[in-house]
Amino acid sequence: SPCPAECPAYLQGPVTVYTDLPLVTKYLTSPNFRLVADPAEAEVVWLKGDIKRFMAQHPALPRLKMTNQIAGEDALTFKHQLAQVVPKGAPWFAPTFNLALPGDLLAFAGAFCAAPAEPISPAAFECPAHPLLTPEARAANEWILKPWNAGRSIAISVTDSLLAAVRLGEERNIPRIGSKYIEAPLLMAGPPIPNWPPEKPLPSECLHPRLKFDLRFIVLVHPNPNPAPGARQVAVSLYRQFWIRLGNVPFSNDTLDQYEKHFTVQNYRPGAKADHDDDDDHAPPP
């Protein structure tokens, strides 16, 4: 919609936008915006790369009015920096180590060896008659290794082998963090198991495999337009609709290398079914 009258003067006409993202170039077709090739002419700079590096490469640019990045956001978007920001021992944050640092790699190995093995009970899977839902009860000491700065679950591994974890941690071209894996996560009932034989009646909950899931929210962090005295200078806006993304295979700990069992981002993998629930019912009232 057109900019309201109270908008700053530079936003009263079509907003000029500079971007290095092909998708923005392709789909930003609203008459309220105009793409420009020179960042000096832009009122909005929307970048794929780091804004500080971009500004260093363009020292003659005037101060940018608006960008798609905020100062210090790498403390949230880089996993190893997020682990430093979170208070040590926070009960909601898994123990995490920066495996690219020799001291942290050594501490990770010590934590790995000292971690008590968590018993995994088949009772959590509720359906003893179904082979996919009956992993053997066993003790699990599992860790998840993630690249510092990658999305879409790229190059993430789950392992219960210290040797494998150390070897991955020593890869200098892909620096990683190592975190304690949640061996018994909260699961969601997925779609019914197809073609269940009627001669084997089971409770209805057993017809729905228990799957890993995540909740995908779109959040906008922006300057607070009317901060009260002493209030924070930034505000957070939340898009009303969110998405529930599901794994494709019932969760268990018997195999750690089956991607569709342990991960929920399926839509970038060739041949994988992306099962997500984007029903408007998940949108809270305004």
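**Figure 1. The buried residues of helix 5.** In this predicted model, helix 5 has L105, F108, A109 and F112 as its buried residues. Looking down the axis of helix 5, you find these buried residues within an arc of 100°, so they line one face of the helix. They pack against four elements: strand 5 (96-98), strand 8 (143-147), helix 6 (162-169) and strand 10 (176-180). If you turn to the face away from the buried side, you meet the exposed residues G103, L106 and A114.

**Figure 2. The length of helix 5.** How far should the 13 residues of helix 5 span at 1.5 Å a residue? The expected span is 18 Å, and the C-alpha atoms at the two ends of helix 5 are 18 Å apart, which agrees. The helix itself covers residues 102-114.

**Figure 3. An aromatic pair within helix 5, and its cluster.** F108 and F112 are both found in helix 5, four residues apart, or about one turn of the helix. Are these two residues buried or exposed? F108 counts as buried because its relative accessibility is 0%, under the 20% cut-off. F112, at 7% relative accessibility, counts as buried too. Their rings make an edge-to-face aromatic pair, with 6.0 Å from centre to centre and 65° between the planes. F108 and F112 also belong to one aromatic cluster together with F97 and W143.

**Figure 4. The pair formed by W92 and F93.** The structure holds 10 aromatic pairs in total. One of them joins W92 and F93 in an edge-to-face arrangement, 5.9 Å centre to centre and with 80° between the planes. A pair of aromatic rings is described by the distance of the centres and the angle of the planes, so both values are given here. W92 is exposed, having a relative accessible area of 62%. F93 counts as partly exposed, at 26% relative accessibility.

**Figure 5. The second largest pocket.** Rolling a probe the size of a water molecule over the atoms shows where empty space is left. Here you can look into the second largest pocket, whose volume is about 350 Å³. Which elements give two or more residues to its lining? They are helix 4 (79-85) and strand 5. In all, 17 residues line this pocket, and A83, Q84, K88, T96 and F97 are those that lie nearest its centre. F97 may be familiar from Figure 3, as a member of the aromatic cluster with F108, F112 and W143.

**Figure 6. V158 and its surroundings.** V158 lies in strand 9, which runs over residues 157-159. With a relative accessibility of 10%, V158 counts as buried. Which residues does V158 touch, once its neighbours within four places in sequence are left aside? Its contacts are W143, I144, Y181, L256 and F263. For V158 and W143, the separation in sequence is 15 residues, while their C-alpha atoms are 5.7 Å apart in space.

**Figure 7. The whole protein, for orientation.** Stepping back from the close-ups, you can find seven helices and 17 strands in the protein. It has 286 residues, of which 31% count as buried. Among contacts with a separation of 6 or more, 53% are between residues 24 or more positions apart.

Key
Residues are numbered from 1 along each chain as its sequence is written. This is a predicted model: local features need pLDDT of at least 70, side-chain atom pairs count only at pLDDT 80 or more; totals for chains, interfaces and linings use all residues. Side-chain values use heavy atoms; hydrogens and water are left out. Rings of Phe, Tyr and Trp (its six-membered ring) pair if their centres lie within 6.5 Å; planes under 30 degrees apart count as stacked, over 60 as edge-to-face and the rest as tilted. Buried means under 20% relative accessible area, exposed over 50%, partly exposed in between (1.4 Å probe, protein chains only). The expected span of a helix is 1.5 Å times one less than its number of residues. The arc is that of the directions from the helix axis to the C-beta atoms. Contact means heavy atoms within 4.5 Å. On a 1 Å grid over the protein atoms alone, a cavity is a set of points where a 1.4 Å probe fits but cannot get out, and a pocket is an open set with protein on both sides within 12 Å along at least five of seven lines; lining residues have an atom within 4 Å of a point. Grid points are joined across faces, edges and corners, and a volume is the space filled by probe spheres set on the points.
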